Amino acid sequence: MPSDAHAPIAGTPVSGLTATEAARRLAANGYNELPRPNRRPLPRILLDILAEPMFALLMVSALIYLLLGDLREGLMLLAFATASVGIAAAQESRSERVLDALRTLTSPRAQVVRDGVRLRIPGREVVPGDVVFIEEGDRVPADIHLISAQDLEIDKSLLTGESLPVRKRPASTAAAEAVAPGGDDLPVAFSGTLVVRGRGCGVTTATGRESEIGRIGAALGGIHPEPTRLNRQTRRLVRGVAVAGLTVSLLVMALYGLVRGDWLQGILAGLAVAMSMIPEEFPLVLTVFMVMGAWRLSRARVLTRRAAAIEALGAATVLCTDKTGTLTQNRMAITEVRDAADLTHGLDPRSDHPANVIHALIRHGILASAQTPADPMDRAFHALGRELDMSQAGPSWTLVKEYGLEPGLPAITQVWQADPETNAIVAIKGAPEAVAALCRLDGTTHAAMLSAVDTMARNGMRVLAVAGGEAPNPPPADRREYSCRLLGLVGFSDPLRAEVPAAVRDCLSAGIRVVMITGDYPETARAIAAQAGLPIAPLVTGADLDRLSPGEQAVRIREAALFARTQPTHKLTIVKALQGNGQIVGMTGDGVNDAPSLKAADIGIAMGGRGTDVAREAASLVLLDDDFGSIVQTIRLGRRIYDNLRKAMGYIVAIHVPIAGLALLPLVLDLPLLLTPVHIAFLEMVIDPVCSIVFEAERSEADSMRRPPRPPNSPLFSRALLMWSLLQGTIAFGTVALLFVGALRGGLPTEEARALAFVALVLVNFGLVLVNRSFSASLLRAVTRPNPTLWTVAGVMGAVLAVTLAWPPAAALFAFAPLPAHDVAITLGAAAALVLALEAIKPLWAKQLRL
C-alpha cells in the first residue's frame with residue numbers, strides 16, 4: 001500500500017482498519033472508481049454496414065461484372081462499395097468519456113488510518129470502514145460519516161447545484177445517517193465535493209459506484225439515447241423505398257428475361273432499377289449536414305459532441321436551464337449593504353454614500369474573514385475591498401484570537417492587534433441571529449434587522465451581519481464577553497450573466513419555453529428568474545415532486561415555470577417527463593449533478609469554461625465561452641440546418657424520379673439500356689452528394705427565428721414537399737426522356753444518344769439545385785444569393801462532364817460517343833426551360849413548403 005506520510009493518531013474517536021482488512025475489502029469491493037462504459041464492438045458495426053441495401057446491390061453488381069470479365073466496371077463498383085463502408089464507419093459516434101471523467105474526479109489523494117497510523121494513499125484505494133481525514137482544499141475521496149469537525153464547510157455545488165458551501169457537524173451517534181446531499185449541519189461529506197474551510201474526520205460509508213457521485217455515474221450508464229426522429233424517419237423511408245425498388249427490380253428481371261430472352265441483361269437492368277430507386281444518399285447527406293453543422297457551430301464557439309443534437313435544435317420546444325454557473329456567474333459578490341443606523345434602505349457598496357459607513361462595514365467583514373480565502377463569501381469581501389481600494393490588516397497587525405463556528409452560534413470572530421500598546425479590534429461576521437445575540441440587540445433593533453434580512457432574502461440574497469468593537473488585553477476566553485455593536489448587513493448574490501435577459505427574450509420570441517431548475521431556495525430562484533425575464537410562477541420544489549405519483553408529477557412538471565431545491569434525480573425526472581409529453585428538450589448545466597439530465601435530454605448543453613469534465617462529456621453541445629447567448633445562435637443555426645436539410649432531401653427525391661424513370665424506359669419502349677449500374681452508382685455516389693452540399697451552405701430563411709418550433713412529430717417530408725418533389729422529378733424525367741427517345745428516333749447511334757441523355761440529366765440535376773435553394777425566393781434571387789459552394793459545384797460538374805465525354809477511357813467505361821456542340825446546346829436549352837417552368841409553378845407551393 002503506497003504511503004507518503006506516517007504519523008500516530010492522537011485523539012481519534014474510532015480506530016482505523018488494519019492493512020490486512022483494508023486489502024481484503026479492496027479485493028471484495030474493487031477500486032473506488034466507476035465501470036467503463038460499454039463500447040459497441042467492431043464486428044457489430046461492420047455487420048450493420050454490410051446490411052445496408054445499397055452496399056449489397058453494389059457488391060452483387062460488381063460480382064456480376066467481374067464474372068463477365070469486365071474488370072474496369074467491376075473494380076469501379078467495388079470502389080464505390082468500399083467508399084460506402086468508409087462513409088458509414090465515419091458516422092459512428094465517438095464513445096462517451098463520461099465515466100472516465102467521473103473516475104478522475106473520484107480519485108484524489110486521501111489521508112486514512114491503517115494499523116493506527118495516518119497514511120496518504122490514492123483515493124481509489126479507500127474502502128468502506130476507512131477513517132478519512134479532510135481539510136481545507138481537499139477533494140473528499142468517498143462518502144464519509146463525520147465523527148469530528150472543526151469549522152468545516154464544503155462546496156457541494158457540483159452535486160446539488162447550491163451556489164454556497166454548507167456547514168458540517170459531526171454525528172451525534174456512531175451510526176451512519178442516510179441523508180441527501182443538501183443543506184447545512186449534516187454529518188456527512190460526499191465523494192467529489194471540495195472542502196473550503198476547516199477540517200474534519202469521518203468513517204467511509206460508500207465508495208465507487210455505491211457513493212452519491214457513483215449513483216450519478218450509474219444513471220449515466222443506464223441512459224441510452226434513442227435514435228433521433230430524423231434518423232428513424234430517414235431509415236424507414238430508405239428501407240420502405242428499398243423494398244419497393246427490389247420488388248420492381250425482380251419484376252424487371254423477369255419481364256426482361258421472358259420478353260427479350262436475355263436473362264443476364266435482365267439481371268443488370270433489374271439491379272440498375274433497384275439502385276436508381278433506393279435513395280441511399282439520404283444517410284450520406286444527413287452525415288454531411290451534421291458534420292458541416294458541427295463546424296459552423298464551432299465557429300460560434302460551440303463544440304458539438306453528439307451530432308444527433310444538431311438536428312434536434314430546430315425542433316427544441318423547451319430549454320431547461322440550471323441556475324448556478326449557467327444563468328449566473330457561479331461566484332458570490334456583495335451587491336447590497338445596509339447600515340445599522342438605517343436598516344430599511346439598501347446601499348450599493350460601489351456607488352452609494354456615505355463611504356465611511358460602507359468602508360467600516362466592509363473592513364470589519366474582511367478582518368473577520370480568512371486572509372487567504374477559500375470560502376466564496378470571504379473572497380467576496382476581499383474582492384470588494386480591493387475594488388474600493390481599502391486596506392485591511394497591515395503587515396504589523398497580528399491575529400491574536402480566533403473564535404470559529406459553534407453549534408447554535410454560526411459566526412466567526414477574529415481579534416486583531418496593531419501593537420501591544422493599543423486595544424485590539426474585534427471583527428464579527430455570521431448569521432444575523434448569531435451576531436444579534438453577540439451584540440445584545442434591543443427588541444426594536446432586533447426586529448428591524450430581521451425585517452431587513454427577510455427583504456434581502458426575498459431578493460435572492462444570502463445575508464450576513466457584521467459587527468465590531470474593541471477588545472481588552474488580553475482577550476477573554478468567551479466571545480460573549482466582548483462589547484460589540486452591529487455595523488450592518490451585507491447581501492451576497494450570485495450575479496446574473498449580462499447576456500441572459502436578451503437570450504431569454506430571443507428564446508421566447510422563437511416559441512421556446514425556458515424552465516429554470518436549481519438546487520437553491522425558492523426565494524433565490526424567483527429572484528434570479530425575475531432578473532432573467534422568466535416567469536416566477538408556478539414554482540415546484542423537489543420535495544413537492546417526491547410527494548406526487550408519476551402521473552401527478554407529469555402534470556405538475558408540464559405546468560411549472562420554476563423548479564427549486566431539486567436533487568439530480570429530480571432533474572432527470574423533469575427531462576423525462578417533458579419528453580414523455582412530446583417535447584424536444586434542451587438542458588443546460590455545468591455540474592456533476594447535471595450530467596444525467598444532460599445526457600438524457602434531446603440537446604444537452606454544457607458550459608465549457610466553468611463546467612465540470614463530467615458535464616462536458618455528458619452533453620451534446622459545449623459552450624466554449626460560457627456565453628448563454630450562444631444558445632440562441634445555436635438554435636438559429638439548428639433551424640437553418642433543418643430547413644436546408646429538407647431542401648436537400650426534397651431535391652434528392654426529385655432527382656431520383658428521372659433516374660428511376662430512365663432505368664425503366666428502355667424496358668417499356670423496347671429501347672437499348674440507357675443507364676447501367678455504373679452510371680447510376682456514379683450519379684448517386686458522386687454528383688448527387690456533391691450537389692447536396694450546396695444546400696448545406698444556404699443562408700437561413702428570413703423568418704427562421706420568428707416562427708414557432710416545428711411540431712416534434714412532424715415528418716421530414718410533408719405532403720406538400722413530397723408532391724412538389726415528385727412534380728419536379730416528373731417534369732425532369734419527361735425532359736430527358738424526350739431528348740433520348742428523339743435522338744434514337746432521329747437516327748443517332750446508341751452511344752451518342754446515351755451521352756446526350758446523360759449530359760441532359762446532369763444539367764437538369766443542376767437546374768433542380770437552383771430551383772430548390774429556397775422555398776420562396778425567385779429565380780433571380782436564387783442565382784444572385786451568395787453561396788460560393790454553388791459555383792464550386794458547378795465547376796466540378798463541368799469538369800466531370802468534360803472528362804467523361806473527352807477522355808477515351810472514361811467515355812469507353814460509360815459507353816459514350818463524342819457529343820457535337822449543337823447537341824450540348826440542346827441539353828443546355830432543355831435544362832433552362834425546365835428551370836423556368838418550375839419557377840413559374842413554385843409560388844403555388846411556397847407557403848406549404850415553409851411549414
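**View A. The largest cavity and its lining.** The largest cavity holds about 40 Å³ of space. The model shown in this and the following views is a predicted one. By the rule applied here, the cavities of 30 Å³ or more number 4. Residues lining the largest cavity are Leu313, Ala316, Val318, Leu319, Gly586, Ile603, Ile605, Ile631 and Ile635. Two or more of the lining residues come from each of the elements β10 (318-322), β21 (603-607) and α24 (630-669). By class, the lining has 8 nonpolar residues, 1 polar residue and no charged residues.

**View B. The open sheet of 8 strands.** Strands in this open sheet follow the order β9-β22-β21-β20-β10-β17-β19-β18, and their pairing is mixed. The edge positions belong to β9 (302-304) and β18 (539-541); each has a single partner strand, so one side of each is left without a neighbour in the sheet. On average, and with direction ignored, neighbouring strands of the sheet are turned by 20° against each other. Both β10 and β21, which appear in the sheet order, also contribute to the lining of the largest cavity in View A.

**View C. Pairing of β21 with β22.** Within the sheet of View B, β21 pairs with strand β22 (residues 621-623) in the parallel sense, over 3 bridges. Ile605 has Leu621 of β22 opposite. Ile605 is also one of the residues that line the largest cavity.

**View D. Helix α18 over the sheet, and the cis peptide bond that follows.** Helix α18 (residues 522-532) lies across β17 (513-517), β18 and β19 (562-564). Relative to β19, the helix runs at about 145°. The loop between α18 and β18 contains Pro538. Ala537 and Pro538 are joined by a cis peptide bond, with omega at about -5°. Strand β18, on the other side of this loop from α18, stands at an edge of the sheet.

**View E. The open sheet of 6 strands.** This open sheet has the strand order β11-β16-β15-β14-β13-β12, with antiparallel pairing. Strands β11 (333-339) and β12 (398-403) are at the edges with a single partner strand each, so one side of each is left without a neighbour in the sheet. From one strand to the next, the twist averages 25°. Edge strand β12 runs antiparallel to strand β13 (residues 411-417), and 5 bridges join the two. Across this pair, Lys401 stands opposite Val415 in β13.

**View F. Packing of helices α27 and α29.** Two packed helices are described by the angle between their axes and the distance between the axes. For helix α27 (residues 750-771) and helix α29 (residues 788-806), the angle is about 175° and the axes are 11 Å apart. That angle makes α27 roughly antiparallel to α29, because angles over 145 degrees count as such. From α27, the contact takes in Ala755, Phe758, Val759, Val762, Phe766, Val769 and Leu770. Leu790, Trp791, Ala794, Met797, Leu801 and Leu805 in α29 meet them. The contact has 13 nonpolar residues, with no polar and no charged ones.

**View G. Backbone at Asp151.** Asp151 is located in strand β5 (residues 143-155). Its phi is positive, at about 50°, although Asp151 is not a glycine.

Terms used: Residues are numbered from 1 along each chain as its sequence is written. This is a predicted model: local features need pLDDT of at least 70, side-chain atom pairs count only at pLDDT 80 or more; totals for chains, interfaces and linings use all residues. Side-chain values use heavy atoms; hydrogens and water are left out. On a 1 Å grid over the protein atoms alone, a cavity is a set of points where a 1.4 Å probe fits but cannot get out, and a pocket is an open set with protein on both sides within 12 Å along at least five of seven lines; lining residues have an atom within 4 Å of a point. Grid points are joined across faces, edges and corners, and a volume is the space filled by probe spheres set on the points. Helices (H or I, at least four residues) and strands (E, at least two) are DSSP runs, numbered from the N terminus. Ala, Val, Leu, Ile, Met, Phe, Trp, Tyr, Cys and Pro count as nonpolar, Asp, Glu, Lys and Arg as charged, and the others, Gly among them, as polar. Axes are lines fitted to C-alpha atoms, for helices over the stretch in contact, and angles run from 0 to 180 degrees between N-to-C directions. Angles under 35 degrees count as roughly parallel, over 145 as roughly antiparallel, 65 to 115 as roughly perpendicular and the rest as oblique. Contact means heavy atoms within 4.5 Å. Two strands pair if DSSP finds at least two bridges between them.
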